[in-house]
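Here are some short exercises to work through with the model open beside you. Try each task on your own, then follow the solution step by step.

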Amino acid sequence: MPATKLPDKEHYNTSSIAMIGEWKQRVLEAVAMDDEISKLLWYNSSDALSRPSLTEEQKVELVDSNSNKRRVFPTRYTKNVVMDQQSFIGMGIAGFAPQEVHYQYSDTYVIGYLYFYILVDNEIMDIDEGQRQDKLLERIYDIFSDSRNYGMGELRIGGLSELWEQNNKFGGYQLMMRVYDFK
């Protein structure tokens, strides 16, 4: 039986699909290291934005899978049942495919979607500056919209919808960003 030829390693290592794990890590770090987002996730009080900035170690705890202060997830859902009032940001990646517009197919570009799931316990939604989930959405949009800084192609707004979970205990948004990248 003839040996199966393995894919070209250089192509494999630079393809969009092979980079998803690295992209997610960069995005998670950008979210957790942002001063405004980290305060909104760490402090449950209405004065969260006027509280002291988190240390770098505290910001790392927001993404650390072994931390009980973890609030930023590489998936949509947390793996544990939430018993106290918290805010979360999850993410997902889907729909990566070659670009196809008006029946023209491009083998050079791919389009995919990066989702942000912003969920806030309804007991801590109100903050001095408005609504916690609105401020989180605004900041995530500011950081990522029209950006090329995370190893993936250009990010553009793709859609926004409200998101409610666990019998409306948590509310917020699902923000979809379109990713335009080279294959």
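**Exercise 1: A glycine in a strand**

Gly95 lies in strand β1 of this predicted model. Find out whether Gly95 is buried, partly exposed or exposed, and which residues it touches beyond its sequence neighbours.

*Solution.*
- Step 1. Partly exposed covers the range between 20% and 50% relative accessible area. Gly95 has 48% relative accessibility, so it counts as partly exposed.
- Step 2. Setting aside neighbours within four places in sequence, Gly95 has contacts with Ile111, Gly112 and Tyr113.
- Step 3. Take Gly112 from that list: 17 residues separate Gly95 and Gly112 in sequence, yet their C-alpha atoms are 4.9 Å apart.

**Exercise 2: A glutamate and its partner**

Locate Glu165 and decide whether it is buried or exposed. Then look for a polar contact made by its side chain.

*Solution.*
- Step 1. Glu165 belongs to strand β5, which covers residues 154–165.
- Step 2. The cut-off for buried is under 20% relative accessible area. With 19%, Glu165 is therefore buried.
- Step 3. Beyond four places in sequence, Glu165 touches Arg76, Tyr77, Leu119 and Phe170.
- Step 4. With Arg76 there is a polar contact, side chain to side chain, at 3.0 Å.

**Exercise 3: Checking a helix**

Compare the expected span of α5 with the distance between its end C-alpha atoms. Then list its buried residues.

*Solution.*
- Step 1. The expected span is 1.5 Å times one less than the number of residues. For the 13 residues of α5 this gives 18 Å, and the end C-alpha atoms are 18 Å apart, so the two agree.
- Step 2. The buried residues in α5 are Arg132, Gln133, Lys135, Leu136, Leu137, Ile140, Ile143 and Phe144.
- Step 3. Just past the helix, Asp146 has a positive phi of about 60 degrees.

**Exercise 4: Into the core**

Which residues have the most contacts inside the largest nonpolar core, and which element gives the most to it?

*Solution.*
- Step 1. The largest nonpolar core holds 39 residues, and Phe116 and Phe144 have the most contacts inside it.
- Step 2. Elements giving two or more residues to this core include α2 (20–33), β2 (104–121) and α5 (132–144). The most comes from α2, with seven residues.
- Step 3. Follow Phe116 outward: beyond four places in sequence, its contacts include Val27, Val31, Ile140, Phe144 and Tyr173.
- Step 4. A second, separate core has eight residues, among them Phe88, Tyr117, Phe170 and Met176.

**Exercise 5: Ring pairs**

Classify the ring pair of Tyr113 and Tyr115, and find a cluster of rings.

*Solution.*
- Step 1. Count the aromatic pairs: there are five.
- Step 2. In the pair of Tyr113 and Tyr115, the ring centres are 6.5 Å apart and the planes meet at 45 degrees, so the pair is tilted.
- Step 3. Tyr113 is partly exposed at 23% relative accessible area, whereas Tyr115, at 17%, is buried.
- Step 4. For the cluster, look at Phe73, Phe88 and Phe170, which ring pairs link together.

**Exercise 6: How far to trust it**

Where is confidence lowest, and where is it highest?

*Solution.*
- Step 1. The protein has a mean pLDDT of 82, with 77% of its residues at 70 or more.
- Step 2. Helix α1 (residues 9–14) is lowest, at a mean of 42, and strand β4 (residues 130–131) is highest, at 98.
- Step 3. Over residues 4–14 pLDDT stays under 50. Predicted coordinates should not be read in detail where pLDDT is low.

Notes. Residues are numbered from 1 along each chain as its sequence is written. This is a predicted model: local features need pLDDT of at least 70, side-chain atom pairs count only at pLDDT 80 or more; totals for chains, interfaces and linings use all residues. Side-chain values use heavy atoms; hydrogens and water are left out. A nonpolar core is a set of buried Ala, Val, Leu, Ile, Met, Phe, Trp, Tyr and Cys residues joined through side-chain atoms within 4.5 Å. Buried means under 20% relative accessible area, exposed over 50%, partly exposed in between (1.4 Å probe, protein chains only). Helices (H or I, at least four residues) and strands (E, at least two) are DSSP runs, numbered from the N terminus. Contact means heavy atoms within 4.5 Å. pLDDT is the predictor's confidence in each residue, from 0 to 100. A polar contact is a pair of N or O atoms within 3.5 Å; within protein, one must be able to donate a hydrogen and the other to accept it, and residues adjacent in sequence count only if both atoms are side-chain atoms. Rings of Phe, Tyr and Trp (its six-membered ring) pair if their centres lie within 6.5 Å; planes under 30 degrees apart count as stacked, over 60 as edge-to-face and the rest as tilted.
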